[in-house]
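Open the model in your viewer and keep the selection tool at hand. This tour goes from stop to stop, saying what to pick and what is there.

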Amino acid sequence: MRTFRLYDNDGNRYNITSKDHAFFYGIDGLGYAQETQFQRIEDRYALLDKHIAQNKIVGTIKFWQPGAELQFFNFAQFCQNGPLRMNYNPEYGTYSRNGIITKIEKSDGNGEPLTVKIEFTAQTPWYKNVNRYNDGTLEGGKVYNYTYDYTYLQSARNTVTVDSDSYQSSPVRLVVLGPAVNPSWRHYLNNELVTEGKVNGTVLANNRLIIDTTSIPYSIKQVNQLGELVSDMYQQSDFSTNRFVRFGHGRNTVTFSADNTNILTVGVEAQIEYATL
């Protein structure tokens, strides 16, 4: 059975496909729409731009008695601690999208199972997490799935490769573990160089340099082992390069280097996006 779960801003989970607790059904909005711009030339039209339109997922949640009113109250409180992440498992993988609950319609349960209508307004398309790391050994690093289990992969030093089956441009976080002096990176799509970047500065030992296109605005920052901000390194980045990486369809390979060492611990945390599932 396909499942839906919500996660709040603190990582707490709410299962909305539990038949004896809260069940989400009558769902609409799992498809997609394209926003397009065309230029007319005689009786033909040239496509100038296209984007996936912002999406809303709507449906009904049934809260079972006894205690349906309290269950609903707890759910409504949970929804206030956003933004939320919706996880959808259609039996062939786990996919996520970020957003907020923008509407809840409720009437009196009157002793019967309480039903409410909800509207989830998405801030991202659906995406699949693919997290891969290379600790600098010739045998490669670790490949993490969504639950952070891992296996080893074959990869060259300072290199991470991710194959994307999506035709959407997908955001990623590049990770470089310090110490690293003047770290740089190159992104190849199907063996063609498409993006490169560099930071003129030092990432201290055990700190991480994060080059991030998964959040808005894009950022280049140094964080400590707890994920706390040490310094914003955007102004120290090389503005003559593109710097920010997004993955395309096919084989995405990112190579890293630094002035102080030939062996780095590096990683890629990709969100492979899909128009629909």
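**Stop 1: the largest pocket**

Start with the largest pocket, which has a volume of about 1,300 Å³. Bear in mind that this is a predicted model. Select Gln 123, Thr 124, Pro 125, Gln 271 and Glu 273: of the 43 lining residues, these are the closest to the pocket's centre.

Now colour the strands around the pocket. Strand 6 (44–52), strand 8 (84–89) and strand 9 (95–106) each supply at least two lining residues. So do strand 11 (126–134), strand 15 (170–177) and strand 25 (266–274).

What is the lining made of, by class? Count 18 nonpolar, 17 polar and eight charged residues.

**Stop 2: a four-stranded sheet**

Next, show strands 14, 24, 17 and 18. They form an open sheet in the order 14-24-17-18, with antiparallel pairing. Which strands sit at the edges? They are strand 14 (159–164) and strand 18 (192–198), and each pairs on one side only. Look along the sheet for its twist, which averages 15° from one strand to the next.

Zoom in on strand 17 (residues 184–189) and strand 24 (residues 250–257). This antiparallel pair is joined over six bridges. Pick Arg 186, then look across to strand 24: Thr 255 stands opposite.

**Stop 3: aromatic pairs**

Switch on the aromatic side chains. The count comes to 13 aromatic pairs. Begin with Phe 4 and Phe 24, an edge-to-face pair. Their rings are 5.4 Å apart centre to centre, with 85° between the planes. Phe 4 belongs to strand 1 (residues 3–7) and Phe 24 to strand 4 (residues 22–28), so the pair ties together parts that are 20 residues apart in sequence.

Are these two rings buried or exposed? Phe 4 is buried, at a relative accessible area of 1%. Phe 24 is buried as well, at 3%.

Move on to Tyr 14 and Phe 75. This aromatic pair is also edge-to-face, at 5.2 Å centre to centre and 65° between the planes. Tyr 14 lies in strand 2 (residues 13–15) and Phe 75 in helix 1 (residues 68–80), so here the pair links parts that are 61 residues apart in sequence. Both Tyr 14 and Phe 75 are buried.

**Last stop: an aromatic cluster**

Keep Tyr 14 and Phe 75 selected, and add Phe 63, Phe 72 and Phe 78. Together, these residues form one aromatic cluster.

Definitions and conventions:
Residues numbered from 1 in each chain as written. Predicted model: local features only at pLDDT ≥ 70, side-chain atom pairs only at ≥ 80, totals over all residues. Heavy atoms only, no water. Pairing = 2+ DSSP bridges. Axes fitted to C-alpha atoms, helices over the stretch in contact; angles between N-to-C directions. 1 Å grid on protein atoms, 1.4 Å probe; cavity = no way out; pocket = protein on both sides within 12 Å on 5 of 7 lines; lining within 4 Å. Points joined across faces, edges and corners; volume = space filled by probe spheres on them. Nonpolar A, V, L, I, M, F, W, Y, C, P; charged D, E, K, R; others polar. Phe/Tyr/Trp six-rings, centres within 6.5 Å; stacked < 30°, edge-to-face > 60°. Buried < 20%, exposed > 50% of the residue type's maximum accessible area, 1.4 Å probe, protein only.
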